[in-house]
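Work through the exercises below with the sequence and the model open side by side. Each task is followed by a solution in steps.

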Amino acid sequence: VECAIMRAGYRTYGGGIIKSDENCFWNLEQAKKAGIKTGVYFFSQAITVAEAEEEAEFALSILGDFVLDLPLVYDWEYVKDTARTANVTAHELTAFAKAYCARVEEGGCKSMVYFNEKYAAGRLQPEELGDIDFWYAQYDGKMDLPYRAEFWQFSNTGRVSGIYGNVDLNIWL
């Protein structure tokens, strides 16, 4: 394990409430002590640019003075048809990602956008994100994204000693 990207927080898909991951800071400190490069992500369920910016601010506030080695990632995923985010368009989602990443960069962190094969095809416009880096998930043994990605998440059923349950496995490209 050379690097780890931990969840900083999330917005609920029902009520839109922002919450922190109570283990984030401890996980970051432990990873740093073990010599593992660290990054974080925020699981977004934003439905406006203002909410995406609020999520970036929240994630930055969680970090405080902690210095990341890796980006502070925007992770927006479709949850279900009854979620408050169900009708977000590709144009809107792309604007949210841009706003989040701009605020993260203004806050002194490197930004990145996480997405998977399903959302690349219809829920996000990667070609509109300019020079923002990508973290891409595709679990079928290959990565055929037509854009440059910095990370490839190739499994969500990995095992890591010391962690209970499945973990996502990634290759830092």
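**Exercise 1. Strand partners from β1 to β4**

Task: Start from Cys 3 and find which residue of β3 is its bridge partner. Then establish in which sense β3 pairs with the strands beside it.

Solution.
Step 1. The bridge partner of Cys 3 in β3 is Lys 37. The model is a predicted one.
Step 2. Seven bridges join β1 and β3, and the pairing is parallel.
Step 3. β3 also pairs with β4, again in the parallel sense, over five bridges. Within this pair of strands, Phe 42 is opposite Tyr 74 of β4.
Step 4. Now check how covered β3 is. Six of its eight residues are buried, so the strand counts as mostly covered.

**Exercise 2. The strands β6, β7 and β8**

Task: Determine the sense, parallel or antiparallel, in which β7 pairs with β6 and with β8.

Solution.
Step 1. β6 spans residues 133-137 and β7 spans residues 151-158; three bridges hold them in a parallel pairing. One position to look at is Trp 135, which faces Phe 151 of β7.
Step 2. β8 covers residues 167-172 and pairs with β7 in the antiparallel sense, over five bridges. Here Gln 153 stands opposite Asn 170 of β8.

**Exercise 3. Two residues in strands**

Task: Decide whether Gln 153 is buried or exposed, and do likewise for Ser 111. List what each residue touches.

Solution.
Step 1. Gln 153 belongs to strand β7. Its relative accessible area is 1%; the cut-off for buried is under 20%, so Gln 153 is buried.
Step 2. The side chain of Gln 153 has a polar contact, at 3.4 Å, with the side chain of Asp 168.
Step 3. Setting aside residues up to four places away in sequence, Gln 153 touches Tyr 114, Trp 135, Tyr 136, Ala 137, Gln 138, Tyr 139, Asp 168, Leu 169 and Asn 170.
Step 4. Ser 111 is in strand β5, which runs over residues 111-116. With a relative accessible area of 2%, Ser 111 is buried by the same cut-off of under 20%.
Step 5. Beyond its neighbours within four places in sequence, Ser 111 is in contact with Pro 71, Leu 72, Cys 101, Val 104, Glu 105 and Asp 133.

**Exercise 4. The nonpolar cores**

Task: In the largest nonpolar core, find which residues touch the most other members and which element gives the largest share.

Solution.
Step 1. The core has 40 residues, and those touching the most other members are Leu 72, Tyr 74, Tyr 100 and Val 113.
Step 2. Two or more residues each come from β1 (3-11), α1 (24-33), β3 (37-44), α2 (49-63), β4 (72-76), α3 (90-106), β5 and β6.
Step 3. α3 gives the largest share, six residues.
Step 4. Take Tyr 100 as a case. Not counting residues up to four places away in sequence, Tyr 100 touches Phe 42, Ala 52, Glu 55, Ala 56, Ala 59, Leu 72, Val 73 and Tyr 74.
Step 5. Another core, of eight residues, lies apart from the largest one; Ile 5, Leu 70, Tyr 114 and Ala 137 are among its members.

**Exercise 5. Enclosed and open space**

Task: Find the volume of the largest cavity and of the largest pocket, and name the elements that contribute to each lining.

Solution.
Step 1. There is one cavity of 30 Å³ or more. The largest cavity has a volume of about 50 Å³.
Step 2. Its lining consists of Tyr 74, Trp 76, Leu 93, Ala 97, Val 113, Tyr 114, Phe 115, Tyr 119 and Leu 124.
Step 3. At least two lining residues come from each of β4, α3 and β5, with the largest share, three residues, from β5.
Step 4. The largest pocket has a volume of about 1200 Å³. It is lined by 32 residues, of which Ala 4, Ile 5, Ile 163, Val 167 and Asp 168 are the closest to its centre.
Step 5. β1, α1, β3, β7 and β8 are the elements that give two or more residues to the pocket lining.

**Exercise 6. A loop residue**

Task: Locate Tyr 164 and decide whether Tyr 164 is buried or exposed.

Solution.
Step 1. Tyr 164 sits in the loop between β7 and β8.
Step 2. Its relative accessibility is 84%; exposed requires over 50%, so Tyr 164 is exposed.
Step 3. For a distance across the model, compare Tyr 164 with Ala 52: their C-alpha atoms are 31 Å apart, and 112 residues separate them along the chain.

Definitions and conventions: Residues are numbered from 1 along each chain as its sequence is written. This is a predicted model: local features need pLDDT of at least 70, side-chain atom pairs count only at pLDDT 80 or more; totals for chains, interfaces and linings use all residues. Side-chain values use heavy atoms; hydrogens and water are left out. Two strands pair if DSSP finds at least two bridges between them. Helices (H or I, at least four residues) and strands (E, at least two) are DSSP runs, numbered from the N terminus. Buried means under 20% relative accessible area, exposed over 50%, partly exposed in between (1.4 Å probe, protein chains only). A polar contact is a pair of N or O atoms within 3.5 Å; within protein, one must be able to donate a hydrogen and the other to accept it, and residues adjacent in sequence count only if both atoms are side-chain atoms. Contact means heavy atoms within 4.5 Å. A nonpolar core is a set of buried Ala, Val, Leu, Ile, Met, Phe, Trp, Tyr and Cys residues joined through side-chain atoms within 4.5 Å. On a 1 Å grid over the protein atoms alone, a cavity is a set of points where a 1.4 Å probe fits but cannot get out, and a pocket is an open set with protein on both sides within 12 Å along at least five of seven lines; lining residues have an atom within 4 Å of a point. Grid points are joined across faces, edges and corners, and a volume is the space filled by probe spheres set on the points.
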